[in-house]
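This report describes a single chain, going from its interior outward to its loops and its charged residues.

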Amino acid sequence: MESLRQNLDYLIEKHPRLRVLIIRGCSQLPENICQLKNLISVCLAYNRLESLPASICELKRLQCLILYKNMLNLAHFARFGSICVGTPFGPQIVGALALK
């Protein structure tokens, strides 16, 4: 996870206006993801995530959080505009959830 944290630190410093982020091959997401305030879409598909840091809720512009192929309980993510789950044959949007 230290490598991912360092990569996010680099993105925060060099690309603070980043709007789309794709992360693969991690089992834990660092808290510093919340510093990328302009993210509108985050793809965390094909990871081994069992939970997400609470700081992800600080991403006020986030509209799409793609989580398929993880070990997450999706019921905790009703705050986001859409959640994509599915199979390797293609994601499916599950609900356009109302923002709270």
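Which residues of the largest nonpolar core touch the most other members? In this predicted model, that place is taken by Leu21, Leu29, Leu44, Leu52 and Leu65, within a core of 21 residues. Helix 1, spanning residues 2–14, contributes the largest share of this core, namely four residues. Apart from it there is a second, separate core of five residues, among them Ala45, Cys64, Ile66 and Tyr68.

**Overall arrangement**

The chain contains one helix and five strands, and these follow one another along the sequence in the pattern α-β-β-β-β-β. Of its 100 residues, 41% count as buried. The surface that the chain exposes amounts to about 6,100 Å², of which carbon and sulfur atoms supply 54%. When contacts between residues at least 6 apart in sequence are considered, 17% of them join residues at least 24 apart.

**Two buried positions: Leu36 and Ser41**

Leu36 is found in the loop between strand 1 (20–22) and strand 2, and it counts as buried because its relative accessible area is 0%, under the 20% limit. Beyond its neighbours within four places in sequence, Leu36 is in contact with Leu8, Leu11, Ile12, His15, Leu18, Leu21 and Leu59. One of these partners, Leu21, lies 15 residues away from Leu36 along the chain, and the C-alpha atoms of the two are separated by 9.5 Å. Leu21 is also among the residues that touch the most other members of the largest nonpolar core.

Ser41, by comparison, is found in strand 2 itself. Its relative accessible area is 19%, and because this is under 20%, Ser41 still falls in the buried class. Setting aside neighbours within four places in sequence, Ser41 is in contact with Arg19, Val20, Leu21, Leu62 and Cys64. Leu21 therefore appears as a contact partner of both Ser41 and Leu36, under a contact limit of heavy atoms within 4.5 Å.

**Asn70 and the loops around it**

Asn70 lies in the loop between strand 3 (64–66) and strand 4 (82–87). Is this residue buried or exposed? Asn70 is buried, since its relative accessible area of 18% is under 20%. Its side chain reaches the backbone oxygen of Leu44 at 2.7 Å, and the side chain of Asn70 also reaches the backbone oxygen of Tyr68 at 3.5 Å. Once neighbours within four places in sequence are left aside, the contacts of Asn70 are with Leu44, Ala45, Tyr46, Asn47, Arg48 and Leu49.

Tyr46, one of these contact partners, lies in the loop between strand 2 (41–43) and strand 3. The phi angle of Tyr46 is near 60°, a positive value in a residue other than glycine. A positive phi is likewise found at Lys69, where the angle is near 65° and the residue is again not a glycine; Lys69 belongs to the loop between strand 3 and strand 4. The relative accessible area of Tyr46 is 35%, which makes it partly exposed, and Lys69, at 41%, also counts as partly exposed.

**Charged pair and cysteines**

The structure holds one salt bridge. Glu13 forms this salt bridge with Lys14, and the closest N and O atoms are 3.7 Å apart. Side chains of opposite charge can pair when their charged atoms come close. Glu13 counts as exposed because its relative accessible area, 58%, is over 50%, whereas Lys14, at 47%, counts as partly exposed.

How many disulfides does the structure hold? The number is zero. Cys26, at 8% relative accessibility, is buried, while Cys57, at 37%, is partly exposed.

The accessibility of several residues discussed above is collected here.

| Residue | Relative accessible area | Class |
|---|---|---|
| Cys26 | 8% | buried |
| Asn70 | 18% | buried |
| Ser41 | 19% | buried |
| Tyr46 | 35% | partly exposed |
| Cys57 | 37% | partly exposed |
| Lys69 | 41% | partly exposed |
| Lys14 | 47% | partly exposed |
| Glu13 | 58% | exposed |

Key. Residues numbered from 1 in each chain as written. Predicted model: local features only at pLDDT ≥ 70, side-chain atom pairs only at ≥ 80, totals over all residues. Heavy atoms only, no water. Disulfide = S-S within 2.5 Å. Buried < 20%, exposed > 50% of the residue type's maximum accessible area, 1.4 Å probe, protein only. Core = buried A, V, L, I, M, F, W, Y, C linked by side-chain atoms within 4.5 Å. Areas by Shrake-Rupley, 256 points an atom, 1.4 Å probe, with all protein chains shown as cover. Polar contact = N/O pair within 3.5 Å; in protein donor to acceptor, adjacent residues only side chain to side chain. Salt bridge = Lys/Arg side-chain N within 4 Å of Asp/Glu carboxyl O.
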